[in-house]
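Please examine the model below before reading on. The paragraphs that follow lead through selected helices, strands and side-chain pairs.

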Amino acid sequence: MTDERVPILMYHSVTAEPNAATRALSVTPQAFAGQMAVLAERGLTPVDTAELAACWRTGRPLPARPVLVTFDDGYEGVHRHALPVLARHGFPATLFVSTGWLRGPYDTGGGLDTMLDWDQVRELADAGVEIGGHSHSHPQLDQLDDRRLRSELALCKEIVSDQLGRTPASFAYPYGYSSRRVREAVRETGYAQALAVGNGLARRAQGPYALRRVTVRRSTDTAEFERLVEGRALGRVFVRDRALSKGYAVVRRARHARRLAAPGLR
């Protein structure tokens with residue numbers, strides 16, 4: 001089997017008027033519509049996360065020129081602005097929700113901007129959007145002790161299952177951060193696959209719990225978007241992101257080691 005490379009696009013907020021906290025990782029409704037038109041014009045075939053992982057797990061062939069459209073966190077604009085565009089093209093997508101950020105009975109008040117409510121999430125699911133888990137309160141999972149890590153994963157899964165009547169199969173790591181311990185906990189919680197960030201194309205060889213995505217943000221113009229979906233010059237596009245990620249990874253490992261060494265955290 002060839003190790004096909006697949007672009008997995010990572011979106012967050014879709015809005016004309018983002019707040020300061022979400023601006024950099026938001027896209028305007030007009031930009032999103034134009035980007036989906038690029039996928040259609042270039043003959044790419046969107047699939048959801050569960051389908052990609054199932055094909056790679058079983059050896060079943062993917063459609064021609066596959067691409068994934070994914071959204072993190074659960075911002076209201078996914079329903080208001082993105083869903084009509086996806087429906088117009090007949091594109092599936094995956095939305096990864098942080099259950100404690102959504103408006104409703106489980107809201108912890110942590111959402112960074114106007115978030116979806118559960119009726120909107122159900123409408124997205126009924127329209128063919130796969131709903132996946134993104135933890136409950138959106139922490140850096142690799143910084144948590146085992147008890148809280150498993151609580152974040154299980155609570156998110158239980159709430160989504162209760163609200164939608166179906167168990168989420170896919171997961172995305174908040175901030176893209178994971179570790180071998182986190183990936184094992186995700187698997188043991190019952191998620192069949194999980195997405196990181198990495199700003200590279202996804203490959204079967206990465207394994208079902210470490211599939212990479214590429215970030216689409218407010219500064220992504222049409223030419224850069226075309227490079228993302230073609231997998232061209234990603235190293236140059238994300239050179240600063242990768243340098244920052246490597247440096248911060250060292251800091252986070254040291255911080256986690258200090259926490260484990262502190263009394264009561266063993």
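Which residue's side chain is joined to that of H79 by a polar contact? The model under discussion is a predicted one, and in it the partner is E123, at a distance of 2.6 Å. H79 belongs to helix 3. With a relative accessible area of 17%, H79 is classed as buried, because the cut-off for that class is under 20%. Leaving aside residues up to four places away in sequence, H79 touches P84, L116, Q120, E123 and L124. The polar partner E123 is thus also listed among the contacts of H79.

Helix 3 appears again in the surroundings of helix 1. The buried residues of helix 1 are covered by elements that include strand 2 (8-11), strand 3 (13-14), strand 4 (26-27), strand 6 (66-73), helix 3 (77-89) and helix 7. The buried positions in helix 1 are P29, F32, Q35, M36, V38 and L39. Some of this spacing can be read against helical geometry: an α-helix has 3.6 residues a turn, so residues three or four places apart point the same way. The length of helix 1 also agrees with expectation, because 13 residues at 1.5 Å a residue should span 18 Å, and the end C-alpha atoms are 18 Å apart. After helix 1 comes G43, which has a positive phi near 75°.

The loop after helix 1 takes part in a charged contact as well. A salt bridge connects the side chains of E226 and R42, with an N to O distance of 3.5 Å. This pair brings together distant parts of the chain, since R42 lies in the loop between helix 1 (29-41) and strand 5 (45-47), E226 lies in helix 7 (residues 222-230), and the two are 184 residues apart. Both partners are partly exposed: E226 has a relative accessible area of 22%, and R42 has a relative accessibility of 30%.

The structure holds twelve salt bridges, and two others are formed within single helices. In helix 5 (residues 146-164), E152 and R148 are four residues apart, about one turn of the helix. Their closest N and O atoms are 3.6 Å apart, and the two form a salt bridge. The two partners fall into separate burial classes, because E152 is buried at 7% relative accessible area, whereas R148 is partly exposed at 37%. In helix 6 (residues 180-189), the salt bridge between R187 and E184 has an N to O distance of 2.4 Å. R187 and E184 are three residues apart, which means a separation of about one helical turn. Here R187 is partly exposed at 41% relative accessibility, and E184 is partly exposed at 31%. Elsewhere, salt bridges with shared partners join R42, R65, E226 and E230 into one network.

Helix 6 also has a place in the strand arrangement. Strand 9 (residues 170-172) and strand 10 run parallel and are joined by three bridges. One bridge pairs S170 with Q193 of strand 10. Between these strands the chain passes through helix 6, and this β-α-β crossover is right-handed. Strand 10 also pairs with strand 12 (residues 211-215), in the parallel sense and over two bridges; there L195 has L211 as its bridge partner. Strand 10 (residues 193-198) is mostly covered, with five of its six residues buried.

Conventions: Residues numbered from 1 in each chain as written. Predicted model: local features only at pLDDT ≥ 70, side-chain atom pairs only at ≥ 80, totals over all residues. Heavy atoms only, no water. Salt bridge = Lys/Arg side-chain N within 4 Å of Asp/Glu carboxyl O. Buried < 20%, exposed > 50% of the residue type's maximum accessible area, 1.4 Å probe, protein only. Expected span 1.5 Å × (residues − 1). Contact = heavy atoms within 4.5 Å. Polar contact = N/O pair within 3.5 Å; in protein donor to acceptor, adjacent residues only side chain to side chain. Pairing = 2+ DSSP bridges. Right-handed = clockwise from strand over helix to strand, strands pointing away.
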